Every structure is written in structure tokens, then in C-alpha cells.
Amino acid sequence: MLLKGKNAVITGCLKSIGRATMELFAKNGANIWACCQYQDIHFDDCIDNLKRMYDVRIRPLFFDLMEYEQIKAGVKTIMSTKEPVDVLVNVAGMTQDALFHMISMEQMKHVFEVNFFSQRLLTQYITRLMLRHKSGSVINISSI
């Protein structure tokens, strides 16, 4: 159990790479704050199964990466536990499925807002928590 007793914040846990990351961290013993945009019954079942299988804490946090105040509130929830954050994994992201020359400037701005700026803001908040404990790792994951 590589991450036994470690605490991780993982974004994008609802599906795909984020869900697989959450599952791998749980399998390796990490306690997780699982960040998602919205609640989903299948996600709740997945969390329950992972907690049972690997004897870890998984706490869902729901916020929209387009809403900076929601990000801040999510971090305050993490802070309220007074537990250290050992790892932040930024996985959440989105894409516009269209030919490059067909994507509007507004669509490009939206992609950058979600994939870059919101992740940087979350990283700033979480690394402040890490600095208090003089320890922590940040992992940024992207796909196409």
C-alpha cells in the first residue's frame, strides 16, 4: 500500500481518467477528497465500494470549476477537517469536439477557464495547505 495514510485531493472523479485515478489511489491506501461537478448515484455506489474494498475514507466534494467561489468553498471544506493534504491530482478537464478553425473564441475561453485557470486557482489554495505541513505533491494530468 504505497499511499497508506496519505490524503489526496483528486479532481474529475466522476468519470474516465479521474475515476481511474481515484480507484488507483484508493487501492494504494490513500484517503481521498473526490472532487466532481455534480452528484451521481453511480458515483456514490463506486465510492461506497472503494471504501469497503480498501478501507479508506473517500469524501465527495461537488463544485463547478467555472465558479471560483465554489472552488474556494470546497477548499474550506477540506481545511475544516484539519488533515494534511499530501497530494493534489488535477484531472478534471473538458474539450470542444470540433475542427480547430470551427471553434469560437468563447468556446476556447471556456476550455481554458476549466482546464487551466480553475486548476491553477485550486492548486494555489491546496499548495498553501501543503506549505503548512512543509510537504506535498501536485500532479497535473491532461488528455487530448
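Helix H4 (105-132) lies across strands S1, S4 and S5, and its direction runs at about 175° to that of S4. The model described here is a predicted one.

The strands that H4 crosses belong to an open sheet. Five strands form this sheet, in the order S3-S2-S1-S4-S5, and their pairing is parallel. The edge strands are S3 and S5 (137-140), each of which pairs on one side only. On average, neighbouring strands of the sheet are turned by 15° against each other, direction ignored.

Helix H1 also packs on the sheet, where H1 touches S1, S2, S3, S4 and S5. The direction of H1 makes about 170° with that of S1.

The table lists bridge counts for pairs of strands in the sheet.

| Strand pair | Direction | Bridges |
|---|---|---|
| S2 (residues 31-36) and S3 (residues 58-62) | parallel | five |
| S1 (residues 7-11) and S4 (residues 87-90) | parallel | three |
| S4 and S5 | parallel | four |

Single residues show how these pairs are matched. Where S2 meets S3, Ile32 has Ile58 of S3 as its bridge partner. Between S1 and S4, Ala8 stands opposite Val87 in S4. At the S4 and S5 pairing, the bridge partner of Asn90 is Asn140 in S5.

Two connections through helices can be followed along the chain. From S4 the chain crosses through H4 to S5, and this β-α-β crossover is right-handed. S2, helix H2 (residues 41-54) and S3 likewise make a β-α-β unit that is right-handed. H4 therefore has two roles in this description: as the helix between S4 and S5, and as an element lying across S1, S4 and S5.The remaining topic is the largest pocket. Its volume is about 1200 Å³. The lining of this pocket consists of 38 residues, and the closest to the pocket centre are Ala92, Gly93, Met94, Thr95 and Asn115. By residue class, the lining divides into 20 nonpolar, 15 polar and three charged residues.

Which elements each supply at least two residues of the lining of the largest pocket? They are H1 (16-27), S2 and H4. H4 gives the most to this lining, with nine residues. H1, which packs on the sheet, and S2, which is joined to S3 by five bridges, are thus found again at the pocket.

Terms used. Residues are numbered from 1 along each chain as its sequence is written. This is a predicted model: local features need pLDDT of at least 70, side-chain atom pairs count only at pLDDT 80 or more; totals for chains, interfaces and linings use all residues. Side-chain values use heavy atoms; hydrogens and water are left out. Two strands pair if DSSP finds at least two bridges between them. A crossover is right-handed if, with the strands pointing away from the viewer, the path from the first strand over the helix to the second runs clockwise. On a 1 Å grid over the protein atoms alone, a cavity is a set of points where a 1.4 Å probe fits but cannot get out, and a pocket is an open set with protein on both sides within 12 Å along at least five of seven lines; lining residues have an atom within 4 Å of a point. Grid points are joined across faces, edges and corners, and a volume is the space filled by probe spheres set on the points. Ala, Val, Leu, Ile, Met, Phe, Trp, Tyr, Cys and Pro count as nonpolar, Asp, Glu, Lys and Arg as charged, and the others, Gly among them, as polar. Axes are lines fitted to C-alpha atoms, for helices over the stretch in contact, and angles run from 0 to 180 degrees between N-to-C directions. Contact means heavy atoms within 4.5 Å.
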